[in-house]
Amino acid sequence: MVEKKCKKCGSTQFTEATDYMPIKPSKGSFRGANKIYTFCLDCGEVDSIRIENTTIFKKIVGN
């Protein structure tokens with residue numbers, strides 16, 4: 001596995017956390033999916049943001 005390196009400070013210590021507000025389809029759905037942030041523990045630079053459960057969006061697109 002390749003070790004990540006922070007683009008801002010060069011650290012190799014990262015962790016993941018979620019936002020308190022889920023992302024929701026714009027079609028008025030009450031269901032949502034968590035955003036997972038991967039960020040540097042030393043400077044806080046966000047390395048990536050991903051959506052935990054994309055199936056609710058696939059159902060909207062398929063209709």
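Two strands count as paired when DSSP finds at least two bridges between them. With that in hand, welcome to the close-ups of this predicted model.

**View A. Strand 2 and strand 3 make a hairpin.** Five residues sit between the two strands of this hairpin. Look in the turn for Gly-44, whose phi is positive at about 85°. The two strands run antiparallel to each other, and five bridges join them. To find your way along this pairing, try three opposite pairs: Lys-35 faces Ile-51 of strand 3, Ile-36 faces Arg-50, and Thr-38 faces Ser-48.

**View B. Strand 1 pairs with strand 2.** Here residues 14-18 of strand 1 lie alongside residues 35-40 of strand 2. The sense is again antiparallel, with five bridges. A handy landmark is Phe-14, which stands opposite Cys-40 in strand 2.

**View C. Three strands form an open sheet.** Their order is 1-2-3, and the pairing is antiparallel. Which strands stand at the edges? They are strand 1 and strand 3, each of which has a single partner strand, so one side of each lacks a neighbour in the sheet. From one strand to the next, the twist averages 20°. When you follow a strand by eye, keep in mind that side chains in a regular strand alternate between the two faces of the sheet.

**View D. Lys-4 lies over the face of Phe-14.** The distance to the ring centre is 5.6 Å. Phe-14 also has Lys-5 among its contacts. How many aromatic pairs does the structure hold? The count is zero.

**View E. Lys-5 is an exposed residue in the segment before strand 1.** Why is Lys-5 classed as exposed? Its relative accessible area is 61%, and the class takes values over 50%, so Lys-5 belongs there. Leaving out residues up to four places away in sequence, Lys-5 touches Gly-10, Ser-11, Thr-12 and Phe-14. For a longer reach along the chain, pick Asp-47: it is 42 residues from Lys-5 in sequence, while the C-alpha atoms are 9.3 Å apart.

**View F. Glu-45 sits in the loop between strand 2 and strand 3.** Its relative accessible area is 34%, which makes Glu-45 partly exposed because that class runs between 20% and 50%. Apart from neighbours within four places in sequence, Glu-45 is in contact with Cys-6, Lys-8, Thr-38, Phe-39 and Cys-40. One of these, Thr-38, is the residue that stands opposite Ser-48 in strand 3. Another, Cys-40, stands opposite Phe-14. How far apart in space are Glu-45 and Lys-7? From C-alpha to C-alpha they are 8.0 Å apart, with 38 residues of separation in sequence.

**View G. Glu-52 lies in the loop between strand 3 and helix 1.** The loop joins strand 3, residues 46-51, to helix 1, residues 55-62. Glu-52 is exposed, with a relative accessible area of 53%. Setting aside neighbours within four places in sequence, the contacts of Glu-52 are Asn-34 and Ile-36. Asn-34 is 18 residues away from Glu-52 in sequence, yet their C-alpha atoms are 5.4 Å apart. Ile-36 can be placed by its opposite residue in strand 3, Arg-50.

**View H. The protein as a whole reads β-β-β-α.** That pattern comes from three strands and one helix. What share of the 63 residues counts as buried? The figure is 14%. The protein exposes about 5,100 Å², of which carbon and sulfur atoms supply 53%. Among contacts with a separation of 6 or more, 37% join residues that are 24 or more positions apart.

How values were computed
Residues are numbered from 1 along each chain as its sequence is written. This is a predicted model: local features need pLDDT of at least 70, side-chain atom pairs count only at pLDDT 80 or more; totals for chains, interfaces and linings use all residues. Side-chain values use heavy atoms; hydrogens and water are left out. Helices (H or I, at least four residues) and strands (E, at least two) are DSSP runs, numbered from the N terminus. Buried means under 20% relative accessible area, exposed over 50%, partly exposed in between (1.4 Å probe, protein chains only). Contact means heavy atoms within 4.5 Å. Accessible areas come from the Shrake-Rupley method with a 1.4 Å probe; for residues, only the protein chains shown count as cover. Axes are lines fitted to C-alpha atoms, for helices over the stretch in contact, and angles run from 0 to 180 degrees between N-to-C directions. Rings of Phe, Tyr and Trp (its six-membered ring) pair if their centres lie within 6.5 Å; planes under 30 degrees apart count as stacked, over 60 as edge-to-face and the rest as tilted. A charge sits over a ring if NZ of Lys or CZ of Arg is within 6 Å of the ring centre and within 35 degrees of the ring normal.
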